[in-house]
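Hi everyone, thanks for coming. Today I'd like to walk you through one structure, and I'll bring it up on the screen now.

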Amino acid sequence: MIKTNDMFYAKSSDTEIAEAGEYGGAVTTLLKFLLEEGIVDAVLAVDSSADLYDVVPVLIEDPEDMVKVAGSLHFGTLNMANIINRYLDGAQDMKIAVTVKPCDAMTLVELIKRENVNQDNIIMVGLNCGGTIPPVKGRQMLEEFYELDPDSAIKEKIAKGKLIVETEDGTEKEVPIDELEDEGFGRRGNCRRCEVNIPRMADLACGNWGVIGPMAGKATFIEVCSPKGAEILEKAKEAGVIELEDPIPQGIEIREKIDNAMVKLADKWQNNDWEDKSGREIFSVLTEYMDDFARCLKCYGCRESCPICYCENCTLEADNGPDWLSKGEIPPSPMFHLERMLHMVESCTNCGQCEDVCPGDIPLAKIWHEVNTKIKITFGYVKGTGEEKPPIAYFPMGK
Ligand code: FAD
Ligand code: SF4
């Protein structure tokens with residue numbers, strides 16, 4: 001019987017899916033199987049829309065549609081937890097399987113703790129993640145570093161520390177990610193600082209790291225992270241839709257080594273971006289960014305895109321808020337940010353959504369990640385994992 005902590009090389013038994021999938025199509029096969037068996041009502045996955053840089057969430061109910069969204073998209077900057085919470089009623093009445101990067105999975109865990117998402121109705125199929133690339137800068141990067149028309153790119157992948165781009169005529173060009181990042185391109189700032197690459201808080205953690213030998217490039221390394229994950233993998237194996245093999249022991253070591261190297265790289269970026277990584281006083285952090293906060297237009301974009309913001313009636317709205325709002329004024333800086341900070345920062349998973357949307361170019365993800373690190377040091381609270389409730393302003397909201 002498959003159990004938590006088991007590890008496998010996995011690939012689809014279906015040739016079409018195996019070819020369409022990024023690394024053997026095990027994830028697509030599992031998701032299709034869950035729909036076929038009626039274990040879930042829908043799958044929330046990701047597809048490209050207008051082009052490679054336009055990455056969108058898709059809700060799939062017909063198992064035959066699963067293969068159409070196989071493959072990994074690195075120009076996507078979505079937060080899947082936000083979509084489940086805001087647009088799918090926190091999975092209260094619908095069983096959903098969802099593909100999740102570590103920040104998506106951590107956010108779902110925080111929303112489950114706050115009773116906004118129904119854990120019983122969610123299956124998290126985790127994807128290892130070394131980072132995502134902002135779409136607009138991504139296009140610019142292809143012009144400058146790859147000397148390519150961005151519209152000619154049909155596929156991108158990350159392998160051995162390089163971003164490889166394939167064009168319509170079948171040629172591939174690659175540039176080391178280090179080189180891109182030294183020039184201010186490459187992964188988003190929050191992804192560079194992220195220390196969680198393997199989503200062990202999901203039910204399964206799937207990725208290409210550690211697949212060596214004859215299966216290299218043709219299979220996915222799956223780590224089973226929960227009894228729920230073990231059960232669905234067992235059922236898929238029994239049904240013959242997925243092929244599992246024991247991983248090569250050296251592959252397990254290589255996976256661990258790459259993960260450690262990525263954590264060290266995140267450490268380097270944190271040292272680069274923060275004045276003191278050992279946890280500055282929150283007051284010092286906020287003081288440093290007063291000029292940045294002053295650029296805030298009060299467009300409320302960060303609040304709208306934040307997957308953790310939980311109040312049904314936001315206290316920053318005129319009808320509910322303090323005096324300045326009832327007088328028809330916008331919240332003064334930095335009150336807006338302090339208020340938002342109190343509500344979300346302990347659960348902030350560094351997903352970067354706030355910074356992505358901010359028209360004032362305020363380094364919001366960088367600020368809240370640093371404050372969250374101080375909370376981790378002070379209270380020992382690690383966001384996005386376990387069952388412990390957030391320590392400061394925990395409000396179970398429910399749906
Ligand atoms: P497939 O059968 O191809 O299925 C992949 C599923 O993921 C599809 O349903 C698709 O809709 C969904 N998906 C695609 N893009 C996204 C996205 N951005 N967010 C959420 N869901 C998505 N593995 C590593 O070991 N190391 C890494 O550094 C690493 N980085 C990754 C970065 C990103 C942004 C992504 C999306 C994946 C990354 N992976 C990484 C995982 C790896 O690329 C494969 O997704 C994994 O091995 C599963 O392969 P598969 O053939 O079974 O998946
Ligand atoms: Fe202010 Fe930026 Fe948030 Fe808009 S997104 S409210 S400008 S911080």
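Let me start with a question: which atom of ligand 1 lies 2.8 Å from a polar side-chain atom of Ser-72? The partner of Ser-72 is an oxygen atom of ligand 1. Before going on, please keep in mind that this is a predicted model.

Let's stay with ligand 1 for a moment. Thr-28 also points a polar side-chain atom at an oxygen of this ligand, and there the distance is 2.5 Å. Gly-25 takes part through its backbone instead: one of its backbone N or O atoms sits 2.8 Å from a ligand oxygen. Looking at the whole surroundings, 28 residues surround ligand 1. The closest of them are Tyr-23, Thr-28, Val-46, Gly-71 and Asn-208.

Now over to ligand 2. Here we have 13 residues around the ligand, and the nearest are Cys-296, Cys-299, Cys-302, His-337 and Cys-358. Two helices each give two or more residues to this shell, namely H12, which covers 301-305, and H14, which covers 335-344. By class, the shell around ligand 2 holds ten nonpolar residues, two polar ones and one charged one.

Next, the overall layout. The domain assignment splits the chain in two. Domain 1 is made of 7-132 plus 187-268, and domain 2 runs over 277-379. Their C-alpha centres are 30 Å apart.

So how many residues are in contact across the two domains? On the domain 1 side there are 19, and they touch 22 residues of domain 2. Between them the domains bury about 1,600 Å², with 40% of that on carbon and sulfur atoms. Within domain 1, the residues that lose the most area to domain 2 are three arginines, Arg-86, Arg-114 and Arg-193, and together they account for 33% of what that side buries.

What about polar pairing at this interface? Four salt bridges are found across the boundary of domain 1 and domain 2, along with 13 residue pairs in polar contact. On the domain 1 side, the elements giving two or more residues are helix H3 (80-87), helix H4 (102-113) and helix H7 (189-193). H4 makes the largest contribution there, with five residues. Sorted by class, that side of domain 1 has five nonpolar, seven polar and seven charged residues.

Let me finish with salt bridges in more detail. The count comes to 27. One of the pairs is Arg-86 with Glu-304, whose closest N and O atoms are 3.9 Å apart. Arg-86 belongs to helix H3 and Glu-304 to helix H12, so this pair ties together parts that are 218 residues apart in sequence. Another pair is Asp-267 and Lys-277, whose side chains meet with an N to O distance of 2.9 Å.

That's my tour, and I'm happy to go back to any part of it on the screen. Thanks for listening!

Note on methods
Residues numbered from 1 in each chain as written. Chains lettered and ligands numbered in written order. Predicted model: local features only at pLDDT ≥ 70, side-chain atom pairs only at ≥ 80, totals over all residues. Heavy atoms only, no water. Domains from an automatic or database assignment. Contact = heavy atoms within 4.5 Å. Buried area = accessible area lost by both parts, 1.4 Å probe. Polar contact = N/O pair within 3.5 Å; in protein donor to acceptor, adjacent residues only side chain to side chain. Helix = DSSP H or I, 4+ residues; strand = E, 2+ residues; numbered from the N terminus. Nonpolar A, V, L, I, M, F, W, Y, C, P; charged D, E, K, R; others polar. Near = heavy atom within 4 Å.
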